[in-house]
Amino acid sequence: SDSVSSDSYRRRWRGIISSLPMVLPTQQQMRLQMAQESFQVSSIVIDPDWISSYLWNAVILAALLFNAAVVPFRIAFDPPGRSLDSLWAAGLACDGVLWLDALLTLNRGFHEQGHKEMELPAIRRRFALTIFSFSHSTLAVHLLALAPIDLLELGKGALQVRGALRANRLLLTPRVFTLLRDLAERRCGRN
């Protein structure tokens with residue numbers, strides 16, 4: 001009977017002790033916390049609410065509007081067989097800006113349904129694994145739109161298609177509307 005009462009007494013105290021909040025973290029909890037902190041320090045996530053993020057969106061908007069105006073103009077009015085000119089140089093500069101934007105999008109947070117996502121794996125998963133979306137840019141559309149097939153016009157015996165090989169840049173044009181929405185939200189508020 002003594003062993004039964006001491007056994008129930010021990011169980012009762014173990015239950016009380018286990019119900020108390022943890023004062024000191026366990027070794028496993030410390031390792032997990034250190035791993036998360038080192039991951040957060042090594043990975044930089046760009047806050048979508050920073051002013052520099054809005055300025056970058058304005059630069060991207062300008063590059064997309066340039067492509068939306070120049071590509072049809074070149075197709076309609078450029079004489080075939082033309083060499084590099086200022087429109088080519090400006091187009092290549094816009095391509096570089098759009099490639100840089102694709103790289104930055106891998107590390108830029110986003111807003112979705114009232115929630116600001118700042119977790120790097122979720123950001124990259126959204127950009128890389130979505131095939132097509134009207135609400136955000138995707139890697140698949142960037143790769144198709146920025147493929148440098150227009151460089152075929154430059155070689156000897158090149159195709160004489162009057163800038164039509166840049167038409168794939170127009171795949172990014174619907175992004176103008178999402179950028180305008182994002183820029184308007186900055187001025188008018190998210191709600």
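User: Taking buried to mean under 20% relative accessible area, what share of the 191 residues in the protein chain is buried?

Analyst: Keep in mind that this is a predicted model. A residue has to fall under 20% relative accessible area to get into the buried group. Across the 191 residues of the protein chain, that group comes to 30%.

User: What order do the elements of the protein chain follow from the N terminus on?

Analyst: The inventory is seven helices and two strands. Reading from the N terminus on, the order of the elements is α-α-α-α-β-β-α-α-α.

User: Of the contacts with a separation of 6 or more, what percentage joins residues 24 or more positions apart?

Analyst: Here contact means heavy atoms within 4.5 Å. Among contacts in the protein chain with a separation of 6 or more, the share from residues 24 or more positions apart is 65%.

User: How far apart are the end C-alpha atoms of H3?

Analyst: H3 covers residues 51–77. With 27 residues at 1.5 Å each, H3 should span 39 Å, and the end-to-end separation agrees with that, so the C-alpha ends of H3 lie apart by 39 Å.

User: Which helices are included in what covers the buried residues of H3?

Analyst: Plenty of H3 is tucked away: its buried residues include Tyr 54, Trp 56, Ile 60, Leu 64, Asn 67 and Arg 74. The cover over the buried residues of H3 includes two helices, H4 and H7.

User: How does H3 lie relative to H4, and what is the handedness of their crossing?

Analyst: H3 and H4 (residues 86–105) pack at about 140°, and their axes are 10 Å apart. That angle makes H3 oblique to H4. As for handedness, the crossing of H3 and H4 is left-handed.

User: How many nonpolar residues are in the contact of H3 with H4?

Analyst: On the H3 side, the contact includes Trp 56, Phe 66, Phe 73 and Arg 74, while H4 brings in residues including Trp 88, Cys 94, Asp 95 and Leu 104. By class, two residues in this contact are polar and three are charged, with the nonpolar count at 16.

User: At what angle do H3 and H7 pack?

Analyst: H7 takes in residues 175–188. Its crossing with H3 is left-handed. The axes of H3 and H7 are 10 Å apart, and the packing angle is about 150°.

User: How many charged residues does the contact of H3 with H7 have?

Analyst: Start with the angle again: H3 and H7 pack at about 150°. Among the residues making this contact are Tyr 54, Asn 57 and Leu 64 of H3, along with Arg 175, Asp 182 and Arg 186 of H7. Sorted by class, the contact has 11 nonpolar residues and one polar residue, and the charged ones number three.

User: Which helices do the buried residues of H7 pack against?

Analyst: The buried residues of H7 are Arg 175, Val 176, Thr 178, Leu 179 and Glu 185. Their packing partners are H3, H4 and H6.

User: What phi does Gly 189 take?

Analyst: The 14 residues of H7 should span 20 Å, and the separation of its end C-alpha atoms agrees. Gly 189 comes just after H7, and its phi is positive, at about 105°.

User: How far is Pro 174 from Leu 64 in space, C-alpha to C-alpha?

Analyst: Pro 174 sits in the loop between H6 and H7. With a relative accessible area of 39%, Pro 174 is partly exposed. Pro 174 and Leu 64 are 110 residues apart in sequence, and their C-alpha separation is 9.1 Å.

User: What distance separates the C-alpha atoms of Arg 125 and Leu 106?

Analyst: Arg 125 belongs to H5, residues 120–129. At 49% relative accessibility, Arg 125 counts as partly exposed. Along the chain Arg 125 and Leu 106 are 19 residues apart, and their C-alpha atoms are separated by 8.8 Å.

How values were computed. Residues are numbered from 1 along each chain as its sequence is written. This is a predicted model: local features need pLDDT of at least 70, side-chain atom pairs count only at pLDDT 80 or more; totals for chains, interfaces and linings use all residues. Side-chain values use heavy atoms; hydrogens and water are left out. Axes are lines fitted to C-alpha atoms, for helices over the stretch in contact, and angles run from 0 to 180 degrees between N-to-C directions. Helices (H or I, at least four residues) and strands (E, at least two) are DSSP runs, numbered from the N terminus. Angles under 35 degrees count as roughly parallel, over 145 as roughly antiparallel, 65 to 115 as roughly perpendicular and the rest as oblique. A crossing is left-handed if the near helix is turned anticlockwise from the far one by less than a right angle, and right-handed if clockwise. Ala, Val, Leu, Ile, Met, Phe, Trp, Tyr, Cys and Pro count as nonpolar, Asp, Glu, Lys and Arg as charged, and the others, Gly among them, as polar. The expected span of a helix is 1.5 Å times one less than its number of residues. Buried means under 20% relative accessible area, exposed over 50%, partly exposed in between (1.4 Å probe, protein chains only).
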